[in-house]
Every structure is written in C-alpha cells, then in structure tokens.
Amino acid sequence: MMQSPSEKYRPFPPVRLNGRRWPTRTIEKAPVWMSTDLRDGNQALIEPMSIAAKLEFFEMLVATGFKEIEVGFPSASQTDFDFVRKLIADKRIPDDVTIEVLVQSRRELIERTFEAVEGASKVIVHLYNAIAPSFRRIVFNQSKEEVKALAVEGTRIIKECAAARPGTHWTYQYSPETFSITELSFAREVCDAVAQMWCPTPDHKMIVNLPATVEAAMPNVFADQVEWMDKNLGYRDSIVLSVHPHNDRGTAVAAAELAMLAGAERVEGCLFGNGERTGNVDLVTLAMNLYTQGIDPGLDFSDIDGVRRVVERCNQIPVHPRHPYAGDLVFTAFSGSHQDAIRKGFAQREPGTVWEVPYLPIDPADLGRSYDAVIRVNSQSGKGGATYLLERGLGFTPPRRVQIEFSHAVQAVADASGEEVSGEAVCALFRREYFDVAGPVSRVGAATLRVRERDVKIPPASVAASGESYAENVAEALGVAAQVSSFETASTASGETAVFVGCRVGDEPMRFGVAVNANAAQAVVDAIVSAVNRARWTSVQEAQSEAVAA
Ligand code: KIV
Ligand code: ZN
C-alpha cells in the first residue's frame, strides 16, 4: 500500500514576515531579463547544443533583446569553453550585451573560467554553492560555517582574478543554490558575507540571485522569502536582487511574478521553460504576460514562430501545441460558442482601440501570427466557425439563415469524417452546395435559362423596381411554381454583389440559393437558379433514395 502523504512529506513552513507588502503592489515595469538557455537550459538537454547551435541560439537571443545571456559553464564543458572563446574571438557580442559564465568555488575552475572570457568587454561571473540543510547534511557533509566559507573564498578568488584583468568590466553574481529550501537567516548570512568580501557599491552593484533550485512551495511562499531578503539583506542599495525559479510544481511563472512584486529586479529563465526536470521559468510567458498588461517587456517576440523554430531546432524538444502564446493551438477555437464570440469580437473591433476580443487575451498579430488559425471547424463547431472561414475565403458574410442552412452541410461532413474541416474545404463545400449545384435549370445565355428541355427568356432587369421583384419575375418566368420568400444582398471584399434568395418550389421546403457576380442582375438570376436547383435536386435525390430503399 502507498505510504500516506502526511507520513512521507512535510508541509512547507510559513515565512514569518511582518507587514507583508507584495500582495498590494502591482508590476509597473519589466525586470532585467537573463537568459540561461545556453547554460541551465543546455545542461538539461538529452544532447547538449553544439557550438553551431549555441551560436544560432545566442544570435536569436540578441535579436530578441536580451542584454544579459549566460553563455555556459566553461570550466565544466570543453564545448562551452570553446563557444565562449569563439564569441569573443569572432566579436559576436554586441556592445550592449553582457555575457555571463557559471562557476563553482574552486580556484582551478575559477581560473579556467577567467581564461575562457579573456578579452570580453563585459562579463558577469556567476558563483554558486548549495546552502540548504539537506544539501549540507546529505550531499556535502558540511557545517554552516564551511558552506559560508566556501562562498566567501570563491568570491575572494574571483575578486583577485578580476582585479588582475582591468580591461574587462566585471559584474559579480552570487547564487545561494537551493535558496528556497534554506533557513532565511542563513541565506542572508551567506549573502552578506559574500557581499562583504566583494564590496559592491550603488554605482557598481553585484547581483544576488535567489534560486528556487527545486520549486518546493506555493508562489506566495517564494514571494515572502524574496520580500524577506529584500528587507533584510545587507548592502541592499548595492545589490541587484534576482530570482531563478524552476517549475517543479508548475507554478514558476506565478512565483516569478509574485517575486517581482516582492522586490526582485531581475529574472533568470529559459525560453518556453526549458531547463532541468520541469524546466526553468518560461521567459516568453513572463514577457508576454507583461505585454498584455500594457507593459513593454523590452523583449521582441513579434515573430514568435521564428523564435520557436530556433529553440526547437537547438534544444531538440518540441514546444507544446498549447504552450502559452507560442503553441500551434493557442489562438484556435473549435467550439461553436467561442467561435461565435470571437467572430463578433473581430467584427466590432475598431482599429487603434484597446484589444477586446472574447477568448483571445492577445492579438495574434502581435506575435506575428495570422488570423487563419483562430477559428477551425470540426464536429463541435457551429455556424460561427464556418461563417468566419467563408468570410476569409470567399469575402462575404451570408445572412444568418443561410449560415444556419450551410452549417448543417458542414456538420454532416465533419461528423462523417470525424476530422477537422479546413478553410479551403469549407469554401469548396459552399461552392458545391450553392454555386455549382446541378439541377433542372441551367443558364444558356445572358437572358435565357433552360428548364429541362425548354428555353425560357428571362425579363430584362431594368423592368424590375428592385432586386427582389426582379427575382420574383425570373422565378415566374421559369414556370416551375417557384416562390421567392426572402431576398438579401451583400458586397464581397472584391466589390462584387452576392445575392441570397430563399425560394420554395411547389411543396418543397424553402431552400436558399446563392450567387456572386460583378453584374448584380446576373447574380440575382444565378441565385434563383441555385435555389431552384437545390430544392429540386434535393427532392429528386430523396425520391431516388426512397426508390432504392423500396
Ligand atoms: O537552479 C539553480 O539553483 C541554478 C544555480 C546554478 C543558479 O541553476
Ligand atoms: Zn537552475
């Protein structure tokens, strides 16, 4: 039997935080973003990136607007070492971009790291060591004093190496790894000791980066931890407070957002949430969440599919079709009621106004997405979906009753195949249903119709007062007891006239006929032909099937 969770797991202890401020704040500006795709993200890949892949990814990150990019762990990987050398030797790092490199607290590793970044103009050297009780006890068998001393000693060596290379602008970053499961007072003690060694100033700050190395609590708990550090850290005015959430509980985005409310000024993460286990926090979602709140994220995802292609190619991991903002299906509605609301939202939208289209939290165009996939039709869709596709494909909006009639034809196709009906298929079906319908009536000349074997002259359009009465005149000329019961017109996107005629033939149920023509009178005649043929054709079909059944 499974062990009871209350025996196996402990609840996360609450943070003692007086005068908690983050719940009443709002985010007003974007944080400093740091992409660790090429380091933390890369460390989590089945096949780590080659130098060529890293270069492609780096260039995409630069084009997207990242100003801080962790390019690798050069003391741990020859590929990373060579990649960093290549970036520097080939002058691939723009002046406004700072590269970052990770290192552990050991002299030979630190020296190798400085060797890798030799000649770069701006570098963040990132030192980390794990400080949580379980790591002190289980992994390293170290006391608190030893853990702190390791961090301080690493800082001292880095300071020495940096001082020996004054040609580079050095920024120092310290991460108390496993911060989120560490006693807060000890985390502060270590960070303060490190800062005391580095001696940051308000003009030359260091970065203290607080990782949720493994996400272990609800986002509000992480926010409390960050606010506690924000209030209690020494050298606060000389520190950029950064967070590094992982997504083990699936709440990294929320944790990062609440952490920003709690005082975090910088966020580390990966595009589309790649990274160890369930990933680092997804920087695309964070940035676009800000964007949809009217805040410029400072990152450009206006070609999200292009960014996605690079990430998928380099990581060799596909982005989920329902991934926020970027998945193939995130702007797609299949359900009838959603489609109806979206179609109305688009129809009522005034350019230049605040975005308010139901079910679409962001304009797909802002991510470089077209509106083509917004509405897709399957057996769960209603008339709204098919109408949207017709509007886009044929350039006109049929009247409501035609929409309803046509939606039955679409539904029948979708039910029969059990599959999606594409926009092209919907338009082809409409053409087949209304424009190309064969039957007893055909057009043999501009002013002549043939009804079975008999030619019928149709009256000139000029004798009719209106399209509707002209339609009645044509129906009467046909002599097939056709009665026009509704008549509507619309202009198509290309300036032609679409005519929709509801027609009863004898005792047949009313059917619609539809035609489009640059010549409005011709469109009326063709719409009558379409309606009569649809009525007749259907009854002949029904009679035939009854005969077969008998
Ligand atoms: O998750 C983590 O703790 C890290 C550190 C190295 C910052 O990746
Ligand atoms: Zn990490």
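Me: How do the residues lining the second largest cavity divide into nonpolar, polar and charged?

Reply: Happy to start there, and do keep in mind that this is a predicted model. To read a lining, look at who is in it and then sort the residues by class. Here, the lining of the second largest cavity has two nonpolar residues, five polar and one charged. The residues themselves are Val377, Asn378, Ser381, Gly382, Lys383, Ser407, Val410 and Gln411. The space they enclose comes to about 40 Å³.

Me: Which helix gives the largest share of that lining in the second largest cavity?

Reply: That is helix α15, residues 400-417, with three residues.

Me: How many cavities of 30 Å³ or more are there?

Reply: The count is two. You have met the second largest, so let us turn to the largest, with a volume of about 80 Å³. Its lining holds nine nonpolar, two polar and one charged residues. Among them are Phe12, Ser180, Glu215, Met218, Phe222 and Ala255. Helix α9, residues 219-232, gives the most to this lining, with four residues.

Me: What volume does the largest pocket have, and which residues lie closest to its centre?

Reply: A cavity is closed to the probe, whereas a pocket is open. The largest pocket holds about 760 Å³ of space. It is lined by 22 residues, and those closest to its centre are Arg10, Pro11, Phe12, Pro13 and Ile181. Elements giving two or more residues to the lining are α1 (5-8), α6 (133-140), α8 (184-198) and α9. Of these, α6 gives the most, with three residues. By class, you will find 11 nonpolar, five polar and six charged residues around the largest pocket.

Me: Now for annotations. Where does UniProt place the feature "binding site"?

Reply: With a record like this, check the positions in sequence and then look at them in space. The unreviewed UniProt entry puts the "binding site" at Asp40, His244, His246 and Asn280. These positions are spread over 241 residues of sequence, yet they cluster in space, with a largest C-alpha distance of 10.4 Å.

Me: Is histidine 244 buried or exposed?

Reply: Compare the relative accessibility with the cut-off: under 20% counts as buried. Histidine 244 has 4%, so this residue is buried. It sits in strand β7, residues 239-245.

Me: Which side chain makes a polar contact with the side chain of histidine 244?

Reply: The partner is aspartate 40, at 2.9 Å. Both residues belong to the annotated "binding site" in the UniProt entry. Beyond neighbours up to four places away in sequence, histidine 244 also touches several other residues, including Thr36, Arg39, Asn209, Glu268 and Asn280.

Me: And where is asparagine 280 found?

Reply: Look in the loop between β8 (266-269) and α11 (283-291). A loop position can tempt you to guess at exposure, so check the value: asparagine 280 has a relative accessible area of 1% and is buried. Leaving aside neighbours within four places in sequence, its contacts include Asp40, His244 and His246, which are also listed in the UniProt "binding site".

Me: Let me try one more. Which residues are in contact with serine 530, leaving aside neighbours within four places in sequence?

Reply: They are Tyr434, Val437, Phe512, Gly513 and Val514. Serine 530 has its place in helix α18, residues 520-549. Its relative accessible area is 3%, so by the cut-off you used for histidine 244, serine 530 is buried.

Conventions:
Residues are numbered from 1 along each chain as its sequence is written. Chains are lettered from A and ligands numbered from 1 in the order in which they are written. This is a predicted model: local features need pLDDT of at least 70, side-chain atom pairs count only at pLDDT 80 or more; totals for chains, interfaces and linings use all residues. Side-chain values use heavy atoms; hydrogens and water are left out. UniProt positions are given in the numbering used here, feature names are shortened, and annotations may be inferred rather than shown by experiment. Buried means under 20% relative accessible area, exposed over 50%, partly exposed in between (1.4 Å probe, protein chains only). Contact means heavy atoms within 4.5 Å. A polar contact is a pair of N or O atoms within 3.5 Å; within protein, one must be able to donate a hydrogen and the other to accept it, and residues adjacent in sequence count only if both atoms are side-chain atoms. On a 1 Å grid over the protein atoms alone, a cavity is a set of points where a 1.4 Å probe fits but cannot get out, and a pocket is an open set with protein on both sides within 12 Å along at least five of seven lines; lining residues have an atom within 4 Å of a point. Grid points are joined across faces, edges and corners, and a volume is the space filled by probe spheres set on the points. Ala, Val, Leu, Ile, Met, Phe, Trp, Tyr, Cys and Pro count as nonpolar, Asp, Glu, Lys and Arg as charged, and the others, Gly among them, as polar.
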